[in-house]
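Morning, everyone. Please have the sequence and the model open in front of you. I'll walk through a few places, one at a time.

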Amino acid sequence: MVKQTIQIFARVKPPVRKHQQGIYSIDEDEKLIPSLEIILPRDLADGFVNNKRESYKFKFQRIFDQDANQETIFENIAKPVAGSVLEGYNGTIFAYGQTGSGKTFTITGGAERYSDRGIIPRTLTYIFEQLQKDSSKMYTMHISYLEIYNECGYDLLDPRHEASSLEDLPKVTILEDPDQNIHLKNLTLHQATTEEEALNLLFLGDTNRMIAETPMNQASTRSHCIFTIHLSSKEPGSATVRHAKLHLVDLAGSERVAKTGVGGHLLTEAKYINLSLHYLEQVIIALSEKHRSHIPYRNSMMTSVLRDSLGGNCMTTMIATLSLEKRNLDESISTCRFAQRVALIKNEAVLNEEIDPRLMIKRLQKEIQELKDELAMVTGEQRTEALTEAELLQLEKLVTSFLEDQDPESRLEVGADMRKVHHCFHHLKKLLNDKKIFGNNTVSNTVSSESKDQDCQEPLKEEEYRKLRDILKQRDNEISILSEVMKKLPLSWFERCKQEEMSLGRQEAFEIFKRDHADSVTIDDNKQILKQRFSEAKALGESINEARSKIGISGNMAVPLMPDQQEEKLRSQLEEEKRRYKTMFTRLKALKVEIEHLQLLMDKAKVKLQKEFEVWWAEEATNLQVNSPAVNSLDHTKPFLQTSDSQHEQSQLFSNKSSGGWEVQGQGTGRFDVCDVNARKILPSPCPSPHSQKQSSTSTPLEDSIPKRPMSSIPLTGDSQTDSDILAFIKARQSILQKQCKFTSLGGSSRATGHQCLWGAHGEVGGE
Ligand code: ADP
Ligand code: MG
């Protein structure tokens, strides 16, 4: 059993603006416990009526300043926890802090760079590395990912990808058994046998988390996400199984209401916005007070789920994330105060071992048999009845696998039954006579009788080459699997679903939306990096093949007899190539993980972009339907779009359609500005241009069926496909009008001259 208080760490996020001097200082004297001092600037401190303190000091296990990177955080905080999980203890790491302080960044990672990956992916990598190194046990990993919002649990690992809101995900409920153990009904556990599978699950969950979020529910700030790694281990032959759970928790934002009280009580404890965090705090207070018998775990789902992590069988670590800017000082101080209380909680982690009854029975049966055999031997009671066919066959199999076993320590276990012992010897003799033992070893026949020394060594050499060949074969397989992955560049599910037919107008609007979206830079950057990594992987693959063929050649050449020196040289060459091969192979493996991670990051960014576009498109469709032309040109904003200027203008593009034609000014910045052309001048009596005539002759029935009138009066159906067709039609029509407008205004309006029509290049209706 390990008794331990909850470990608390602090991480300071780099400020958005330049470093604000003098707000905090970190004291990390080697001998003392590190402390963080938050210093109130004069103007803030003066505001306190009752509290004249000007600085606050908090102790932490360690404090990570702004420049601490993700690797440092993992090495110092998560690795030790992952280590004890591998040993069979439960572990929890939770991030606590106000919204924007870096909880998600710390737990999951940033969405842009590979180096920004957070604790979860790094822990998965680490655990799989360790599992590979440890051949003494058999491990099984399962993963679950739970989101708790508003006291409801949702399974983020729902693979259907149909969720457009949290409510579409399977609901998870809590069940308590008579022993008061918590069970989560409907939360799926997915087995992960490789790091890749585990990472895919993480990204599936994160994608669901993102899709399910709407501006209304603000899930990311108000919900808790718990990523759990369930690890079981067993030694071969042992009946004892160890189960350990590692919870990696991204809590809801810890911000509170009543930031500044009317009386200026800036730093008084205000109420949490999030009720379940309030219950978490109550649990923590109860746990940190001695002699409290009742701990109110049951008040909220989150405290029920994390019950063992808080005051139970778990090694728990808290990361207080701090955004130490002037306006956040009160929240930062609250976070630190919370951490100080958490640090008082003592947990008792025990090894979670249990005996697997089936294995136990098997073991006992074996033991009984052995004892019986021994007894028979000691009492001299010999069995005389003949062994059955099946028993004989079984014994022969045992002999074969004994002979094939490379382990010099391996034993042939047949018990103390002399009938069996005799049969084994008999079978061995037969094999020896048939020369099956040394397989196709005919070396001894070919070597002259003078070279007796070599005679003894040849089987060994042969054995060595055989081993090498096997390793090569195995590596070959691994490489071909790796290169398959490289080749594939998987067409992920959402790309497939995004490939569903988009109408032309929608497609164009999406292209523009995409171009002006802040994330497109990230996507492009990542594409570049991906390209680089791919070519690096390709080059490595080629070098590996080269090294492999060299190993292969040297291996084959070594069989004929060589003078000692030459053989020695060849051997060292072989060793060198093997070393090179190994290094390159390791690098290729790391590259593969990075490439997959980058692909998943890009996939996620694309889903996000698509999602934001859908929201915007739907809104535009509604506006088009509802707004009158007069209102249109005046009042329209898009709060959720990110690049303010261009996207505001884009939104105008759609909302103003009802007033008629549009023009786009090329600004030479790679961006288009859209401005309203005096539509009333252009709309009436469209004068047919050759182009427009051609268009109308190939027009669809839909186009014909819609009367030419101001678009605001065109009703939309609510069905996205149909509506997009209608909008596409409108767009095409505008395109024609645009061309006419250009045509008519060439001589007259200088305003229109030189303007480029947004839709002009794409204004074909055909096929829609
Ligand atoms: P929270 O989850 O606490 O609301 P986030 O993790 O989403 O906060 O962080 C808010 C923003 O700050 C994100 O854009 C994130 O990438 C960035 N960020 C947070 N912590 C760091 C850090 N240590 N280094 C660089 N950027 C960070
Ligand atoms: Mg977050």
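One definition before we begin. A residue is called buried when its relative accessible area is under 20%, and exposed when that value is over 50%. Anything in between is partly exposed. Keep in mind that this is a predicted model.

Let's put those words to work on helix H12, residues 418–433. Which residues of H12 are buried? They are Arg 419, Lys 420, His 423, Cys 424, His 427 and Leu 431. Look down the axis of H12: these buried residues fall within an arc of 130°, so they line one face of the helix. Here is a general point to help you see it. An α-helix has 3.6 residues a turn, so residues three or four places apart point the same way. Now turn H12 around. On the other side, His 422, Phe 425, His 426, Lys 429, Leu 432 and Asn 433 are exposed.

How about length? H12 has 16 residues, and at 1.5 Å a residue they should span 22 Å. The end C-alpha atoms of H12 are 23 Å apart, which agrees.

Next, helix H11, residues 389–404. H11 also gets the length check. Its 16 residues should span 22 Å at 1.5 Å each, and its end C-alpha atoms lie 23 Å apart, so the two agree. The buried residues of H11 are Leu 392, Leu 395 and Val 399. They cover an arc of only 60° around the axis, which puts them on the same side of H11. The other side of H11 has exposed residues: Glu 389, Ala 390, Leu 393, Lys 397 and Glu 404.

Now helix H9. How many of its 14 residues are buried? The count is 11, so H9 is mostly covered, given that buried means under 20% relative accessible area. Among them are Leu 329, Asp 330, Glu 331, Phe 338 and Val 342. Charged or not, Asp 330 and Glu 331 are on that buried list. The length works too: 14 residues at 1.5 Å each should span 20 Å, and the end C-alpha atoms of H9 are 20 Å apart, which agrees.

Stay in this area for a moment. Ser 323 sits in the loop between strand S15 (315–322) and helix H9 (329–342). Is Ser 323 buried or exposed? It is buried, because its relative accessible area is 6%. Its side chain also makes a polar contact of 3.1 Å with the side chain of Asn 328.

On to ligand 1. Which residues are around it? The shell includes Arg 11, Lys 13, Pro 14, Gln 98 and Thr 99. It also includes a run from Gly 100 through Ser 101, Gly 102, Lys 103 and Thr 104 to Phe 105. By type, the shell divides into 2 nonpolar, 6 polar and 3 charged residues. Helix H3, residues 103–107, gives the largest share, with 3 residues.

Zoom in on the oxygen atoms of ligand 1. A polar side-chain atom of Thr 104 lies 2.7 Å from one oxygen atom of the ligand. For Lys 13, a polar side-chain atom is 3.3 Å from an oxygen atom of ligand 1. Gly 102 uses its backbone: an N or O atom there is 3.1 Å from a ligand oxygen atom. How much of ligand 1 does the protein cover? On its own, ligand 1 has 550 Å² of accessible area, and the protein covers 65% of that.

Now two loops. Glu 151 is in the loop between strand S8 (138–149) and strand S9 (152–155). Its phi is positive, about 70°, although Glu 151 is not a glycine. At 40% relative accessibility, Glu 151 counts as partly exposed. Asn 186 is in the loop between strand S11 (182–185) and strand S12 (190–191). Phi of Asn 186 is near 85°, again a positive value in a residue other than glycine. Asn 186 counts as partly exposed, at 46% relative accessibility.

Last, two pairs that are far apart in sequence. Ala 349 belongs to strand S16, residues 346–349. It is buried, at 0% relative accessible area. Ala 349 and Gln 4 are 345 residues apart along the chain, yet their C-alpha atoms are separated by 7.8 Å. Ile 211 is in helix H5, residues 195–211, and it counts as buried at 11% relative accessibility. Ile 211 and Lys 604 are 393 residues apart in sequence, and 9.7 Å apart in space, C-alpha to C-alpha.

Technical notes:
Residues numbered from 1 in each chain as written. Chains lettered and ligands numbered in written order. Predicted model: local features only at pLDDT ≥ 70, side-chain atom pairs only at ≥ 80, totals over all residues. Heavy atoms only, no water. Near = heavy atom within 4 Å. Polar contact = N/O pair within 3.5 Å; in protein donor to acceptor, adjacent residues only side chain to side chain. Areas by Shrake-Rupley, 256 points an atom, 1.4 Å probe, with all protein chains shown as cover. Helix = DSSP H or I, 4+ residues; strand = E, 2+ residues; numbered from the N terminus. Expected span 1.5 Å × (residues − 1). Buried < 20%, exposed > 50% of the residue type's maximum accessible area, 1.4 Å probe, protein only. Arc of directions from axis to C-beta.
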